[in-house]
Amino acid sequence: MKRRARRDERGSAGAVLTVGIALATFAVFCVATLLIHWFAVARQAEQSAELSALAAVSAAVAGGDPCEAARQAAVRNEVLVAGCEVRGSGRAIVVEVSVRARIEQPVLGAPGEVVRKATAASS
């Protein structure tokens, strides 16, 4: 009887170990997925800020409204303009644009949005 009880205990320890390893692997997978998503949104925000700043400078040199051009470029890239600052006049213009991108499913305690800035100038 005692011999049989020991075999059953060893089997249950193996099952618990297998379940523990599976749960740990799943947790690592979930965290990695969230981090990859956050970095992708941050990179999209950086690229959108750069494109919006370039559109703003181009519009300013052509005599248009630079901040409106930045807003339109941001909307096409699925972000929002958080700020637009124009310095200079004529053909010597510097535009700084900051954009805000939402993270669809933020983790508790993590930010729900990413803000990135870019600066472009005419030469």
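**Notebook: a long helix, a short helix and a three-stranded sheet**

I began with the record: the unreviewed UniProt entry carries the annotation "transmembrane region" for residues 12-40. The model I am reading is a predicted one, and I looked up how that span is built in it. The span is 100% helix and 0% strand, and its end C-alpha atoms lie 42 Å apart.

*Overall layout.* I counted two helices and three strands in the protein, and reading along the sequence I found the pattern α-α-β-β-β. Of the 123 residues of the protein, I noted that 24% count as buried. I also looked at how far apart in sequence the contacting residues are: among contacts between residues at least 6 apart, 46% join residues at least 24 apart.

*The sheet.* Next I traced the strands, which form an open sheet in the order β1-β2-β3 with antiparallel pairing. The edges are β1 (80-89) and β3 (113-121), each of which pairs on one side only. From one strand to the next I noted a twist that averages 10°.

*β1 against β2.* I then took the pairs one at a time, starting with β1 and strand β2 (residues 92-102), which run antiparallel and are joined by nine bridges. To fix the register I looked up individual positions: L80 stands opposite R100 in β2, G83 has S98 as its bridge partner in that strand, and R87 has V94. The connection between these two strands is a hairpin with two residues between them, and in its turn I noted that G90 has a positive phi of about 65°.

*β2 against β3.* On the other pairing I again found nine bridges, here joining β2 to β3, and these strands also run antiparallel. As one point of register, the bridge partner of V95 in β3 is A120.

*S98.* I stopped at S98, which is found in strand β2, to ask: is S98 buried or exposed? S98 has a relative accessible area of 11%, and because buried means under 20%, I entered this serine as buried. Leaving aside residues up to four places away in sequence, I listed what S98 touches: L80, V81, A82 and G83, together with V115, R116 and K117. The first four of these fall within β1 and the other three within β3, going by the limits of the two edge strands.

*Helix α2.* I turned to α2 (residues 66-76), which lies across β1 and β2 and runs at about 150° to β1. Its buried residues are P66, C67, A69, A70, A73 and A74. Why do I describe them as lining one face of the helix? Seen down the axis of α2, the buried residues fall within an arc of 155°, so they line one face. On the other side of this helix I found V75 and R76 exposed.

*Q72.* Q72 is also found in helix α2, and with a relative accessible area of 42% I recorded this glutamine as partly exposed, because that value lies between the 20% and 50% cut-offs. I checked Q72 against A55 as well: the two are 17 residues apart in sequence and 8.8 Å apart in space, C-alpha to C-alpha.

*The core.* Finally I looked up the largest nonpolar core, and asked which of its 20 residues touch the most other members. They are V95, V97, V99 and V114. The elements that give two or more residues to this core are α1 (2-61), α2, β2 and β3, and α1 gives the most, with eight residues.

*V97.* I followed V97 through its contacts, again not counting residues up to four places away in sequence. V97 touches A49, S52, A53 and A56, then A70, then V81, G83 and C84, and also R116, K117 and A118. Of these contacts, A70 is one that I had already entered among the buried residues of α2, and G83 is the residue whose bridge partner in β2 is S98. R116 and K117 appear in my list for S98 too.

Terms used: Residues numbered from 1 in each chain as written. Predicted model: local features only at pLDDT ≥ 70, side-chain atom pairs only at ≥ 80, totals over all residues. Heavy atoms only, no water. Pairing = 2+ DSSP bridges. Helix = DSSP H or I, 4+ residues; strand = E, 2+ residues; numbered from the N terminus. Axes fitted to C-alpha atoms, helices over the stretch in contact; angles between N-to-C directions. Contact = heavy atoms within 4.5 Å. Buried < 20%, exposed > 50% of the residue type's maximum accessible area, 1.4 Å probe, protein only. UniProt positions renumbered as here; feature names shortened; annotations may be inferred. Core = buried A, V, L, I, M, F, W, Y, C linked by side-chain atoms within 4.5 Å. Arc of directions from axis to C-beta.
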